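Reader: I am new to this structure and should be grateful for a close look at one part of it. Please begin with a single residue and then proceed to its wider surroundings in one connected account.

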Amino acid sequence: FLEKPQGLRIGNDRVETSKLLDVIDPSFDTQAAQVSLGTAANIDDAVSAARAALSGPWGTMTAHDRGQLLWKLADAIEDRKQIFGELDAIDNGKPMHVARDVDAVYSARHFRYFAGWPSKIEGRTIPVSSPDKMNFTKVEPVGVCGLITPWNYPTLMVAWKLAPALAAGNTIVLKPAEQTPLSALYLADLALEVGFPPGVLNVVPGFGSDAGAALAGHAGVDKVGFTGSTETGRRIVEGSVGNLKKVSLELGGKAANILFADADLDKAIAGSFWALFGNNGQSCTAGARLFVHRSIKEQVVERLAEMANALSVGPGMDASPHDLGPVISRPQMDKVLGYIEAGRAEGAEVVAGGAQRGEDGYFVAPTVMQSVTDDMTIAREEIFGPVLCILDFDDENEVIARANDTDFGLAAGGWTQDLARALRLADKLQAGTLWLNTWGDTDAASPFGGMKQSGYGREMGAEAISLYSQTKSIWLG
Ligand code: NAD
């Protein structure tokens, strides 16, 4: 798969373009592969293929058969989880065992959950007040969906969107992140292999400003599902106005994680550690602002710093598995190191890490910073790297207000053994997902999405089917 440049996947074809996109292995700062670079013209062709498939066999396929195909795709992903693991480890840098046993396995599960949905998407008969009329609804696909995904979970973020969109009967043009196109291209091959009609899933890697913008603005696209930064989300909405296509957005976050003095400390410290360092801090739900009650701060900081220093960090494909890999790219590494410097300059103290690690690849030492205050740049902006910011607090009401004092609203949570307090947090924290005495759990059956500037629409669960469907109301006289 990596030996020769991979073409775009459009319909049944592998389309080679004149320009190639270099796929960089962030563990070594070397070119690992090349793929064809898709542009606006290729997006046009992919949209046409998707439109044709919608009125072809896919459009008339029974719900049962659609579900069967999704189930087969889930099986194929699980069978080839080693390949998915390697592809994601190569272009994203994450440890291969994580990419294989977590990302690929969760992706397969996601398809399996949504494989059950097509036969359960039902309309209603509505008891209207006219005595001689009947009213009923049909739930139909939106049409051609443009899916634009980020690099942090290359396979999983595609699965989150693709599975419900296909379950609801749509056809797809997928533009994966330019840094991580490999597993998306491979997935398109598997879809054809298990029997999806050509054109149902088209994959066009390319740059956001070119292929991505063309997809978001395309008059032949009925809906865009986007995951990425809040800044790009705004551009997607601007791009959508021409044909008023539907848009759903999963954007950035700056989650508050509150550690109360009455928490089960062992569980809370371990949970809070991985809330940030999981996926090397490159998660939209990372517990990036850790509020620790002043009475326990010293011991918590000490233990978190010890844990950070003990992490094994190394190349994604190393024979001896590591806890963390590199960050995604040189610009991202420079950005993360810049944030650490800004934190230092504004008065925060580095208690672990704080610098680049090694010279090959884009490695940042797992970093813990204490004495962070609400107004610091590192407490307000999304760092998206292995930097845990610790803030102190004294009082529950105070910390809830501070936790909510952000434009983001993707995730939040806290640790306490006081049930009443946990329920107050459930009421008052403003975020689409709350984790109480746990962190990071997601499930294909449970809705996920943002409040405030973290986006709109809910992926997963029944909500995701609504996101990729539209209701038609029919009157019969
Ligand atoms: P990004 O916004 O730079 O890129 C995301 C995708 O958008 C890529 O495919 C990119 O090519 C494309 N893109 C860029 N500019 C575009 C444009 N003008 N028009 C159309 N498409 C364009 O984000 P990123 O750096 O790849 O990912 C990190 C961000 O994603 C973080 O902010 C993170 O919080 C967010 N994220 C959110 C979730 C979530 O579920 N809410 C999940 C993962 C990541």
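## From one helix end to the sheets

Author: Neighbours within four places in sequence being left aside, Val-194 is in contact with Leu-69, Lys-72, Leu-73 and Ala-76. The model in which these contacts appear is a predicted one. Val-194 itself belongs to helix H7, which covers residues 182-194. The C-alpha atoms of Val-194 and Leu-70 are separated by 9.0 Å, although the two positions lie 124 residues apart along the chain. Val-194 has 17 other C-beta atoms within 10 Å and is therefore partly exposed, since a residue counts as buried when there are 20 or more such atoms and as exposed when there are 12 or fewer.

A second residue of this kind is Lys-267, which lies in helix H10. With 13 other C-beta atoms within 10 Å, Lys-267 is partly exposed. Its C-alpha atom is 8.4 Å from that of Thr-438, and 171 residues separate the pair along the chain.

Helix H10 leads on to a sheet. The helix, formed by residues 265-277, lies across strand E12 (256-259), strand E13 (289-293), strand E16 and strand E17 (411-415), and runs at about 165° to E12. These four strands belong to an open sheet of seven, whose order is E14-E15-E16-E13-E12-E17-E18 and whose pairing is mixed. Strand E14 (349-352) and strand E18 (433-436) stand at the edges; each has a single partner strand, so one side of each is left without a neighbour in the sheet. From one strand to the next, the twist averages 25°. As a general matter, the strands of a sheet pair through backbone hydrogen bonds, in either the parallel or the antiparallel sense.

Within this sheet, strand E16 may be followed in detail. Five of the seven residues of E16 are buried, which leaves the strand mostly covered. Strand E15 (residues 367-370) and strand E16 (residues 387-393) run parallel and are joined by three bridges. Along this pairing, Thr-367 stands opposite Val-387, and Val-368 has Leu-388 as its bridge partner. Strand E13 also runs parallel to E16, and five bridges join the two. Here Arg-289 has Cys-389 of E16 as its bridge partner.

The structure also contains an open sheet of three strands, in the order E5-E6-E20, with antiparallel pairing. Its edge strands are E5 (125-126) and E20 (469-476), each of which pairs on one side only. Two bridges connect E5 with strand E6 (residues 134-141) in the antiparallel sense. At one position, Ile-126 has Asn-135 in E6 as its bridge partner.

There remain the annotated site and the ligand. An unreviewed UniProt entry places the feature "active site" at Glu-250. This residue is found in strand E11, residues 246-250. Glu-250 is buried, because 27 other C-beta atoms lie within 10 Å. Apart from neighbours within four places in sequence, Glu-250 is in contact with Thr-227, Cys-284, Gly-449, Gly-450, Gly-455 and Glu-459.

Cys-284 appears again around the ligand: 30 residues surround the ligand, and the closest are Gly-208, Gly-212, Gly-228, Thr-232 and Cys-284. Helix H8 (208-217) and helix H9 (230-240) are the elements that give two or more residues to this shell. The largest share, five residues, comes from H8. By class, the shell comprises 12 nonpolar, 13 polar and five charged residues.

The record also describes a longer span. The unreviewed UniProt entry places "domain: Aldehyde dehydrogenase" at residues 19-474. The end C-alpha atoms of that span lie 49 Å apart, and the span is 41% helix and 19% strand.

Conventions:
Residues numbered from 1 in each chain as written. Predicted model: local features only at pLDDT ≥ 70, side-chain atom pairs only at ≥ 80, totals over all residues. UniProt positions renumbered as here; feature names shortened; annotations may be inferred. Contact = placed C-beta atoms within 7 Å. Near = placed C-beta within 6 Å. Nonpolar A, V, L, I, M, F, W, Y, C, P; charged D, E, K, R; others polar. Pairing = 2+ DSSP bridges. Axes fitted to C-alpha atoms, helices over the stretch in contact; angles between N-to-C directions.
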